[in-house]
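Hi everyone, thanks for coming. Have a look at the picture while I get my notes in order.

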Protein chains: 4
Amino acid sequence: MDYQKILEDIYKEIIPFAKTGKQADYIPALAKVNPDQFGMCLETVSGEVFPFMQADTRFSIQSITKVFALAMCLSLKGENLWKRVGKEPSGTAFNSLVQLEVEKGIPRNPFINAGAIVLADILLTELDDPENEYLAFVRSLCGNDSVGYNMEVAFSEREKGYLNAAIANMLKYHGTIDNDIEDVLMFYFKMCSVEMNCRELARAFLSFTNSRVFYHSGYRLSSSQIKRMNAVMQTCGFYDEAGEFSYLVGLPGKSGVGGGIVAIYPMRYAVAVWSPRLNSKGNSVMGIKALELLTTATQESIF
Amino acid sequence: MDYQKILEDIYKEIIPFAKTGKQADYIPALAKVNPDQFGMCLETVSGEVFPFMQADTRFSIQSITKVFALAMCLSLKGENLWKRVGKEPSGTAFNSLVQLEVEKGIPRNPFINAGAIVLADILLTELDDPENEYLAFVRSLCGNDSVGYNMEVAFSEREKGYLNAAIANMLKYHGTIDNDIEDVLMFYFKMCSVEMNCRELARAFLSFTNSRVFYHSGYRLSSSQIKRMNAVMQTCGFYDEAGEFSYLVGLPGKSGVGGGIVAIYPMRYAVAVWSPRLNSKGNSVMGIKALELLTTATQESIF
Amino acid sequence: MDYQKILEDIYKEIIPFAKTGKQADYIPALAKVNPDQFGMCLETVSGEVFPFMQADTRFSIQSITKVFALAMCLSLKGENLWKRVGKEPSGTAFNSLVQLEVEKGIPRNPFINAGAIVLADILLTELDDPENEYLAFVRSLCGNDSVGYNMEVAFSEREKGYLNAAIANMLKYHGTIDNDIEDVLMFYFKMCSVEMNCRELARAFLSFTNSRVFYHSGYRLSSSQIKRMNAVMQTCGFYDEAGEFSYLVGLPGKSGVGGGIVAIYPMRYAVAVWSPRLNSKGNSVMGIKALELLTTATQESIF
Amino acid sequence: MDYQKILEDIYKEIIPFAKTGKQADYIPALAKVNPDQFGMCLETVSGEVFPFMQADTRFSIQSITKVFALAMCLSLKGENLWKRVGKEPSGTAFNSLVQLEVEKGIPRNPFINAGAIVLADILLTELDDPENEYLAFVRSLCGNDSVGYNMEVAFSEREKGYLNAAIANMLKYHGTIDNDIEDVLMFYFKMCSVEMNCRELARAFLSFTNSRVFYHSGYRLSSSQIKRMNAVMQTCGFYDEAGEFSYLVGLPGKSGVGGGIVAIYPMRYAVAVWSPRLNSKGNSVMGIKALELLTTATQESIF
């Protein structure tokens with residue numbers, strides 16, 4: 001499969017959408033990003049790498065970080081993890097408090113904000129040095145020690161993060177989180193502030209293709225656990241657009257409000273794409289188009 | 001892969017759950033079924049068939065019928081279908097009216113009751129002789145012309161079908177269905193009343209494994225459309241247990257309240273399992289267990 | 001108090017609102033009413049009557065009928081009535097199915113449609129000849145035997161009554177109603193189709209001012225029961241505008257989608273007003289204005 | 001009317017309920033109150049005072065404080081107040097976040113917690129010295145300068161106040177509150193921590209009977225504004241038991257989780273009752289019983 005050629009062809013086809021959508025602008029650090037950027041990178045399990053355009057430009061990975069956090073928590077807690085967070089698609093917007101109230105403080109899944117805040121709480125409890133250990137884990141996954149937090153992003157997210165603070169307070173009220181609310185929120189926002197590029201994300205997600213032993217920075221996942229992580233990505237990875245993504249692209253994956261999307265073709269490849277303009281559901285317009293065309297062109301999807 | 005042996009081993013392991021759960025009893029015809037039955041059948045794309053225990057006992061397929069109805073509607077209407085029904089997981093129970101009210105009469109997906117009632121309405125409008133044409137389609141899929149409706153089941157479902165009648169009235173109120181409410185409901189209940197056995201269901205779903213041209217009784221689906229149908233099954237096929245099924249089994253599929261479940265391993269096989277006792281979400285207890293053990297034993301899942 | 005003069009002054013002040021709002025048009029019989037009509041009538045407990053403008057033009061009383069139905073049911077069942085219907089304000093639109101689903105089929109109060117459908121069911125069960133007995137009761141209240149149903153209205157309401165049919169099916173599903181759904185719906189729509197004018201409505205509601213013994217057509221209510229009926233009107237009589245009406249007018253009352261509103265000043269008077277143009281909450285624009293000005297001018301309210 | 005005798009008779013009748021219900025125990029200061037206390041005081045507009053049992057024992061007035069806060073805000077902002085808070089009954093529990101999310105940050109009414117937090121925000125903005133000015137206002141209303149905050153209560157409420165913090169964050173997210181979240185919450189909890197006894201509360205609420213000019217500590221309310229405050233108490237004063245209270249008692253009023261209830265008979269009297277044991281809706285069991293018997297015995301209600 002000539003992926004380099006395919007990526008080029010895809011790009012030509014999605015140019016008409018280059019100005020569609022609007023980047024996230026709720027904090028200055030995201031608002032000031034040039035929205036007219038596009039990067040993509042596909043890495044196969046045999047080690048071939050297909051970078052395209054701005055594949056080496058770092059951006060805020062935001063919610064994509066939730067996959068790394070889930071991997072650590074699953075490694076640490078095993079199936080007990082699911083006592084504190086569900087694994088069903090939410091059917092509502094990613095930040096809905098309604099569901100949390102109705103379901104007595106158990107978030108629907110680890111990829112809505114409430115769920116990821118619970119992951120942050122678990123890591124705070126389980127790790128001696130959460131900030132450094134989390135970074136070490138992500139660095140091991142992508143093989144690049146220069147990956148790090150963007151503290152300016154983290155602090156300005158906290159400053160404007162009223163909705164997430166509301167969620168954290170609700171979780172605390174229901175006893176779902178153990179640590180101090182401020183500590184949990186700051187760690188959550190730090191994890192979201194990690195900056196990576198498409199090349200690094202594709203490499204990091206290669207570990208979730210189940211093609212080799214998962215052992216990073218001391219954390220192990222079994223083949224079965226990796227499959228299950230993919231299942232959660234498949235049903236819950238795109239907020240209330242999970243069905244649409246599954247329908248159009250047919251691969252498990254995870255998106256972030258910074259405009260990044262990573263998808264996995266189990267046993268074959270991982271692919272990351274980035275473009276800051278978002279659709280109304282908060283997913284990258286060009287990113288989704290590119291992945292839809294990729295699986296259409298290659299006829300490679302999980303179905 | 002020695003599937004026959006695997007099915008036997010699975011059965012030994014799930015015997016402890018043989019008395020767990022309760023069969024559907026909201027209509028006499030379902031209530032009087034002997035709950036202590038179990039059948040299973042796996043058919044591979046190369047034509048090998050692995051029937052097990054009561055693989056030849058017919059039962060009420062109930063919601064599994066929605067997959068056939070979706071296939072016909074997708075063939076008839078193409079992507080326009082999605083103007084009248086969504087494809088996102090519902091996040092709530094299969095019969096929720098709340099979502100329908102909040103979302104102004106557009107059902108979340110074709111596998112919740114509201115969505116399937118819309119499919120029934122479309123077929124009533126599009127087909128000259130809906131009852132016979134639907135049956136012809138199902139018979140073509142499973143290759144058995146003796147498959148038919150159980151009118152006693154259909155009528156007693158209608159008699160007790162207050163919730164579905166409420167849903168149909170809501171759909172009519174919002175203009176989502178065109179035909180007479182009674183006609184739509186009766187056709188919906190007839191489709192649900194179809195009786196098949198595991199052998200027939202496995203055969204019928206083999207068409208959705210994407211391993212050969214889909215052309216049945218005049219209806220075509222492209223390879224891409226079949227993939228997309230699998231995507232909808234994956235995210236929406238198990239009511240509010242879709243995430244759980246995806247997590248445990250890792251295959252697209254569809255369950256019915258009669259105790260049947262069918263799952264698809266794309267390009268490889270289709271497998272049907274049946275046991276009437278249901279869990280609290282309305283899915284067969286032994287059925288889910290059996291499929292979980294199948295993908296664990298074979299390491300064959302889409303992830 | 002010179003009520004005739006006050007009514008005249010009020011009318012001058014509300015003329016600017018004469019073209020505001022839109023009459024109900026969901027059935028032909030309501031749609032074809034001339035929207036530019038206005039009538040009002042106040043009757044005191046001492047028997048003085050103050051008719052104004054079209055006080056003698058009959059119109060469809062619609063939801064105002066629910067007060068009469070409640071009176072009959074309360075007389076028949078006493079406090080047991082509240083086992084099947086609540087008495088709390090709904091906080092949502094009058095036809096919300098959400099609340100009914102969440103609260104397992106017990107309508108919030110007798111003045112939302114679901115609640116009044118339960119009243120219709122009770123009357124069907126309790127009365128030998130519901131249609132004639134209901135009419136006899138209403139005629140006794142207003143002292144005019146020419147008051148009757150408008151069958152054209154009732155039948156066209158039923159024809160378009162999908163939402164109410166959805167509600168009735170939900171109630172049946174939850175076991176809140178006993179009779180055949182169609183029978184209940186038709187009786188409900190007949191009760192709503194009663195036509196009265198402001199003079200008749202003021203007279204009828206005089207019975208609820210608690211100024212004399214309530215004994216009509218064989219039905220008795222104690223003074224305490226009448227007070228409680230007023231309490232329910234106060235908190236639930238205006239759909240999700242109950243708080244606003246209480247705030248602006250400060251009297252218990254009930255509105256109908258035909259443009260009528262009746263209000264009660266306990267121990268003093270009953271007042272009916274009618275004008276077909278409705279606000280977004282389904283209450284008569286000029287009607288609410290007129291009553292607000294009435295209690296402002298007279299300083300007569302319950303607070 | 002021999003109110004003293006009536007209060008005595010009432011007490012005899014409600015003794016059977018003396019052990020029913022449970023006091024609020026979410027903070028130590030409330031949990032440690034002796035639950036077996038009962039006080040009552042009625043003061044007429046002509047100045048007669050009828051204290052009964054522990055009418056002089058102070059307790060935490062909690063949500064009753066919202067009436068005082070509303071009075072100040074209404075005096076300060078007039079009708080503009082209602083741009084930031086509604087006046088419809090909520091139909092759900094007092095602390096529901098669902099409604100706040102659905103209605104985009106505008107609380108349903110000033111007596112649910114969200115609404116009262118908005119009042120706290122308004123006072124913080126409008127007053128130079130909110131804490132002292134609020135206290136001065138309350139002291140003027142009840143005529144006793146020894147009334148004050150209980151800081152221990154306020155601080156422990158804040159410590160456990162996760163749900164209210166969630167609400168405040170939601171309000172901030174929607175732009176409904178202007179001040180720092182912590183400042184708003186602390187002021188809100190301080191207002192709730194005010195301690196008064198039944199004698200003082202009856203006196204304070206006498207000002208809302210509309211029997212004399214309202215001018216306290218520089219704040220004026222017109223007769224019409226007082227009527228409207230009573231209307232809001234009537235429809236919204238008892239969380240999701242407003243309809244029940246209106247039905248049983250037939251007077252506007254306000255309850256608090258400390259076990260106090262105050263009710264108003266316009267132009268006649270104000271009555272306060274206190275007993276710490278609460279029903280499932282958070283209202284004093286003996287308090288509601290006592291008021292129901294009072295209006296039944298005297299036949300004095302607004303209806």
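I'll talk about how the chains are arranged.

Quick housekeeping: this is a predicted model, where local features need pLDDT of at least 70, side-chain atom pairs count only at pLDDT 80 or more, and totals for chains, interfaces and linings use all residues. Residues are numbered from 1 along each chain as its sequence is written, while chains are lettered from A and ligands numbered from 1 in the order in which they are written.

So, what rotation superposes chain D on chain A? It's 180°, with 0.0 Å of shift along the axis and an RMSD of 0.0 Å (a least-squares fit on the C-alpha atoms of residues with pLDDT of at least 70 in both copies). That means the two copies are related as by a two-fold rotation axis. In chain D, Ala166(D) has the C-alpha nearest that axis, 1.9 Å away. Both copies use the same surface, too: 100% of the contact residues of chain D recur in chain A (contact means C-beta atoms, placed from the backbone, within 7 Å).

Now chains A and B. A turn of 180° and a shift of 0.0 Å along the axis lay chain A on chain B, with an RMSD of 0.0 Å. Which residue of chain A comes closest to the rotation axis here? That's Gly91(A), whose C-alpha is at 2.3 Å. These copies meet through the same surface, because 100% of the interface residues of chain A are also interface residues in chain B.

And the remaining pairs? Chain A and chain C don't touch, with their nearest C-alpha atoms 11 Å apart. Chain B and chain D don't touch either, and their nearest C-alpha atoms are 11 Å apart.

Key: Two residues are in contact if their C-beta atoms, placed from the backbone, lie within 7 Å.
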